[in-house]
Amino acid sequence: MAAYLSMGEAHRRITDYLARFSDAVASQDVASLKPLLSLSSASPSLVSLADALNLLQDSNRLIKQSDRYSQFAEILAPLFRCLQNYRLHNLVDAYPAYEKAANAFIQEFRNWDSAWALEALYVIAYEIRVLAERADRELSANGKMPEKLKAAGSFLMKVFGVLAGKGPKRVGALYVTCQLFKVYFKLGTVHLCRSVIRSIETARIFDFEEFPQRDKVTYMYYTGRLEVYNENFTAADQKLSYALAHCNPHSEANIRMILKYLIPVKLSIGILPKDWLLERYNLVEYRNIVQALKRGDLRLLRSALEQHEDRFLRSGVYLVLEKLELQVYQRLLKKIYIIQKQKEPTKAHQMKLEVIIKALKWLEIDMDLDEVECIVAILIHKNLMKGYFAHKSKVVVLSKQDPFPKLTGKPVNA
Amino acid sequence: MERRQNHHQQPQNPRRNPSSSSSSSQSSNHRSRYRPPNRAGGDARPHRREDPYLDSGDAAVGGRPRSLARPMRAHASEAAAGSSIGVRERQEQHRRDQDREDDRDCRELASVVGTCPHMCPVGEMAQRERLRDLAVFERLHGNPAKTSPELAVKKFCRTISTRDVQLSDIRPFSVLGSTLDYLMSLMNSTPEPFETVHDFIFDRTRSIRQDLSMQNIVDKRVIHMYEKMVNFHVTSHHKLRLRSSGPDSFNISSLHHLNMEQLAKVLTSLYNLYDLNRDHSSTHKNEPEYRSLYVLLCLNSESLPEGERLSLWFRRVPTPVIKSKEMSFARRILRYFRTGNYSRFFSTIAAEASYLQYCALEPYIDKVRALAVLCINNGGYKLHPYPIAHLSNLLMMEESEVESFCNACGLETSLDEQGNKVLPTKQPAFEHPKAGYGKYGFSG
């Protein structure tokens, strides 16, 4: 606690807060209401209020001194308890108090006809998530099961329910959805996103384009990532490209975050980024992967994956990148084909499996005949190569027309 | 709520049939003392509806502190909402109630320690004797109405509130440990058909997890117990599959499904336990192998029930585990599976898989075999039929099995001029073999 705080001063701070709160609600002044709920801002006035609460202890008496305040007692009393605990760095107890206050707030919000308090609800949705994350960290540090973020997810779902119906409040549903995504991604329960997404995307009563731009971009970013994890590259491409096209062009960090997922998607459908793009947004971890695809260099692909393994695994694109192997094989075989064509154009479409083995050996990759035959069979099956292989004579015979079809924006066949 | 849970349970649950002699199922026709009445009612519902962890009513570690105080608290806030402004005393009283309630929550959660000295609480034993609700393993000298503390094991039942449970109905850690060991010993020591054994252990281990989580035991001691339960479900995965053709195949396939469902839950709990008990100095001894099982169970993009996609799942795996020998094996298998490298897929399994790992990935083996046959049939030169002997080496199966497998794929085999068995390529009739079309060995 800072310098000496008198009881009188403490009293004054608390009543001041109460007055500001009830005035803001009475005049529907959301700009004044927001900072009163914004726990994590650590604003000097909230900090000094918390000190006052901890000194006075009996703030409930003050809430009840006037009807103006006591009508919001269900919000204010737990909010005060939360602030007290928050100030004492006791986040595990601060969380349930905030949730209680937030629940009471949405009760009020539900009864208000207009959506004037939407911005305040955003603050609550944000705060509850961040507070829950911190409380969970405290819990795990004490060897207990983290459980607050899960609770925050349930609460946000409730908020979503309040907003998702018809009417002027619906415009806020996407913000809450994005907060929910953050919760579910963190908890590893992204399958829960599905019902929310369905509700957003199938609703006839509200055009997606009417949501605020900021929320649309965040939404497309998260749903795009989900499509990456599901390996629906066409949908992922569409969503992430939307996010890229509509995000704030000055926010390099956001562009980078989108590209981090969009690049692997584009690679998977056969579209390679220019080197300056990787340079410009500091995504050089993809450079060798792009090189490997250009050169058909399997060894380079493997070493690039290994070098950045941790980063790729943490962002969840590792498996997508790993699967580019098939395109690298395609490129390698195509190079062999081109070389053969220069040497002996008439026989170029016949490729001995031994030649492939030799090429791989240059790359220090050991493969036996069985495996090379298997790779060839898979490439034919996936339509990355046209032709057939003859098991007995250990040779691939390539189609004379377009032996290595390009992907041109379509994913490799499943 | 009761109804909703039943609903959740029943559709995939044909084994809960009344004639089942083991009857280890939770029969819904009686309300016993150990099945507490549903008091939580309406309040819990909105909280639980969207909550993945609490949804099942299972005792997975994540689902613990459900309802110790909900009923009272809900009551209090309803009353408060109705009270008029200015009734200061009443509100004050409510608030004090609530606070006291919160305090008690914390104390209770920390302090529940069961006192039941047997595998089954005495009251439940008496009641099930009376109801003749004894599994075949629990009957004393085969008498369906007589059991003993050495035979009876507490059944799983959905509990709404820990508050209604007596401490004498909960088994303390040491009893749970020996109960589990007893159950595991049944796996290989009984003449009963495996379905019956499985049904019994399935239910009773579930009840063990419930007792563990009611007492909030989440420290290192339980890790080993969870590992044993994973073993049970993973080996069951394999054994149920072996029995999956025959007259009872429908029943078995639903057992299989339920087994996977519980396996997913036990694995999730186990991984939580690993994380919770991690210190920087070491990884848990068996963690690499048990983590690798998740990868091997969800090789295709389908994940376990309620489980995570692998891309997301990997984000949480600690680096030393990622680098471990066991995980490196699983990741290579995953790569071979995803790129279709059937050649390496089989040879690597044959060379490196542990028994548990093999059990986990076994269902994929025939899928990859079918892919191999498909690719060879499609991509092979028409004038060079593919030798069955070679296919047998590739797919790691007996020649006779290769033939019948090809037939199951809709393809015919024949003899070449030298009298060797071959698979003529470019046959138009390839189809993926139907599920449960047969069981082929793995000769690795």
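Three short exercises on a predicted model follow, each with a worked solution.

Residues are numbered from 1 along each chain as its sequence is written, and chains are lettered from A in the order in which they are written. In this predicted model, local features need pLDDT of at least 70, side-chain atom pairs count only at pLDDT 80 or more, and totals for chains use all residues; side-chain values use heavy atoms, without hydrogens and water.

**Exercise 1.** Find how many helices and strands chain A has, and what share of its residues is buried.

*Solution.* Step one: count DSSP runs, with at least four residues for a helix (H or I) and at least two for a strand (E), numbered from the N terminus. Chain A has 22 helices and three strands. Step two: apply the cut-offs, buried under 20% relative accessible area, exposed over 50%, partly exposed in between (1.4 Å probe, protein chains only). Of the 414 residues in chain A, 57% are buried.

**Exercise 2.** Place Ser40(A) and list its contacts beyond four places in sequence.

*Solution.* Start with the loop: Ser40(A) sits between helix H2 (30–37) and helix H3 (44–56). Next, accessibility: Ser40(A) is partly exposed because its relative accessible area is 31%. Now the contacts (heavy atoms within 4.5 Å). Ser40(A) touches Tyr86(A), Tyr126(A) and Glu127(A), leaving aside neighbours within four places in sequence. Last, a distance: Val123(A) is 83 residues from Ser40(A) in sequence, yet their C-alpha atoms are 9.8 Å apart.

**Exercise 3.** Decide whether Lys347(A) is buried or exposed, and find its loop.

*Solution.* First, the loop: Lys347(A) lies between helix H20 (325–343) and strand E1 (350–352). Then accessibility: Lys347(A) counts as exposed because its relative accessibility is 54%.
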